Amino acid sequence: MSLLNPVLQPPEVKAYLIEGERFIKWDDETTVASPVILRVDPKGYYLYWKYQSKELEFLDITSIRDTRFGKFAKIPKSQKLRDVFNMDFPDDSFLLKTFTVVSGPDMVDLTFHNFVSYKENVGKDWAEDILALVKHPLTANAPRATFLDKILVKLTMQLNSEGKIPVKNFFQIFPADRKRVEAALSACHLPKGKPGGLRR
């Protein structure tokens with residue numbers, strides 16, 4: 001690589017982020033704490049978590065505004081959640097296990113995603129390495145082709161039991177253009193009904 005013509009490389013996603021880690025995701029508003037497996041896809045587009053019900057939830061890396069760990073992470077106000085995490089005991093290590101991901105369309109309308117690890121200091125590594133992905137120059141300044149690739153990555157991570165992409169997922173990604181999605185699927189001789197699925 002020439003110094004006169006540097007090439008910006010895509011962000012490197014660390015192996016442990018791709019493999020995933022067990023956390024408990026909690027929400028103060030609903031006082032719900034659920035075990036999840038937290039991961040980042042290999043291209044660094046999404047932070048996502050899988051519940052025990054196999055349901056997936058995605059968070060676009062570009063929507064993340066901050067990550068916080070330890071004493072800077074959110075702490076449950078609900079006594080029910082405090083009891084779940086044994087926070088009121090003197091030898092509690094909650095702060096060594098927790099981290100918060102702050103996301104939103106701007107710096108005012110924010111959502112807090114709170115995670116507690118089963119092991120100490122795991123939250124610190126996740127918070128730092130996710131923030132490194134967020135701050136990578138290509139994350140905020142991606143080329144047009146990246147947006148199409150992101151759609152493909154999200155679709156291929158949500159396969160049904162037969163290993164196919166459910167047709168309903170196309171309609172969820174493009175909810176305003178249902179007729180155009182149906183027309184495109186028909187033009188490609190692909191199923192457009194809800195029970196259908198497409199091979200990767």
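## An aromatic pair between β3 and β4

Tyrosine 46 is buried, as is phenylalanine 58, and in this predicted model the two rings form an edge-to-face aromatic pair, with 5.6 Å from centre to centre and 75° between the planes. Because tyrosine 46 belongs to strand β3 (residues 46-51) and phenylalanine 58 to strand β4 (residues 56-60), the pair ties together parts of the chain that are 12 residues apart in sequence.

## Aromatic contacts across the chain

A search of the whole structure finds 9 aromatic pairs. One of these joins phenylalanine 23 to phenylalanine 115 in an edge-to-face arrangement, the centres being 6.0 Å apart and the planes 70° apart. This pair links distant parts of the chain, since phenylalanine 23 is in strand β1 (residues 21-27) and phenylalanine 115 is in strand β7 (residues 111-117), 92 residues apart. Phenylalanine 23 has a relative accessible area of 0% and is therefore buried, and phenylalanine 115, also with a relative accessible area of 0%, is buried too.

Both of these phenylalanines belong to one aromatic cluster, which is formed by Tyr16, Phe23, Trp49, Phe99, Phe115 and Trp126. The ring of phenylalanine 115 also has a charged partner, for the charged end of lysine 25 sits over it at 5.9 Å from its centre. A further arrangement of this kind is found at phenylalanine 112, where the charged end of lysine 74 sits over the ring, 4.6 Å from its centre.

## Proline 35 and its surroundings

Proline 35 is a residue of strand β2 (residues 32-40), and it counts as partly exposed because its relative accessibility is 33%. When neighbours within four places in sequence are left aside, the residues in contact with proline 35 are Phe23, Ile24, Lys50, Tyr51, Gln52 and Tyr118. Among these contacts is Phe23, the residue that pairs edge-to-face with phenylalanine 115.

The C-alpha atom of proline 35 is separated by 12 Å from that of asparagine 114, although the two residues are 79 apart along the chain.

## Salt bridges between separate elements

The structure holds 6 salt bridges. In one of them, glutamate 21 is joined to lysine 119, with 3.3 Å between the closest N and O atoms. Since glutamate 21 lies in strand β1 and lysine 119 in the loop between β7 and α3, this salt bridge ties together parts that are 98 residues apart in sequence. The partners differ in their accessibility class: glutamate 21 is buried, with a relative accessible area of 18%, whereas lysine 119, at 46% relative accessibility, counts as partly exposed. The cut-off behind this assignment is 20%, since a residue is called buried when its relative accessible area is under that value.

Another salt bridge brings together the side chains of lysine 150 and aspartate 60, at 2.8 Å from N to O. Lysine 150 is part of helix α5 (residues 144-156) and aspartate 60 is part of strand β4, so that this pair ties together parts 90 residues apart in sequence. Here lysine 150 is the buried partner, with a relative accessible area of 9%, while aspartate 60 counts as partly exposed at 23% relative accessibility.

## Helix α3

Helix α3 (residues 122-135) has 14 residues, which at 1.5 Å a residue should span 20 Å, and this agrees with the 20 Å that separate its end C-alpha atoms. Several of its residues are buried, including Val122, Trp126, Ala127, Ile130, Leu131, Leu133 and Val134, and the polar residue Asp129 is buried as well. Trp126 is also a member of the aromatic cluster that contains Phe23 and Phe115.

Within the helix, lysine 124 and glutamate 128 form a salt bridge whose closest N and O atoms are 3.1 Å apart. These two residues are separated by about one helical turn, because they are 4 residues apart in helix α3. An α-helix has 3.6 residues a turn, so residues three or four places apart point the same way. Lysine 124 is partly exposed, with a relative accessible area of 34%, and glutamate 128 is likewise partly exposed, with a relative accessible area of 38%.

## Domain arrangement

The domain assignment of the chain gives domain 1 as residues 15-135 and domain 2 as residues 159-188. The centres of domain 1 and domain 2, taken over C-alpha atoms, are separated by 31 Å.

Note on methods
Residues numbered from 1 in each chain as written. Predicted model: local features only at pLDDT ≥ 70, side-chain atom pairs only at ≥ 80, totals over all residues. Heavy atoms only, no water. Buried < 20%, exposed > 50% of the residue type's maximum accessible area, 1.4 Å probe, protein only. Contact = heavy atoms within 4.5 Å. Phe/Tyr/Trp six-rings, centres within 6.5 Å; stacked < 30°, edge-to-face > 60°. Lys NZ or Arg CZ within 6 Å of the ring centre and 35° of its normal. Expected span 1.5 Å × (residues − 1). Domains from an automatic or database assignment. Salt bridge = Lys/Arg side-chain N within 4 Å of Asp/Glu carboxyl O.
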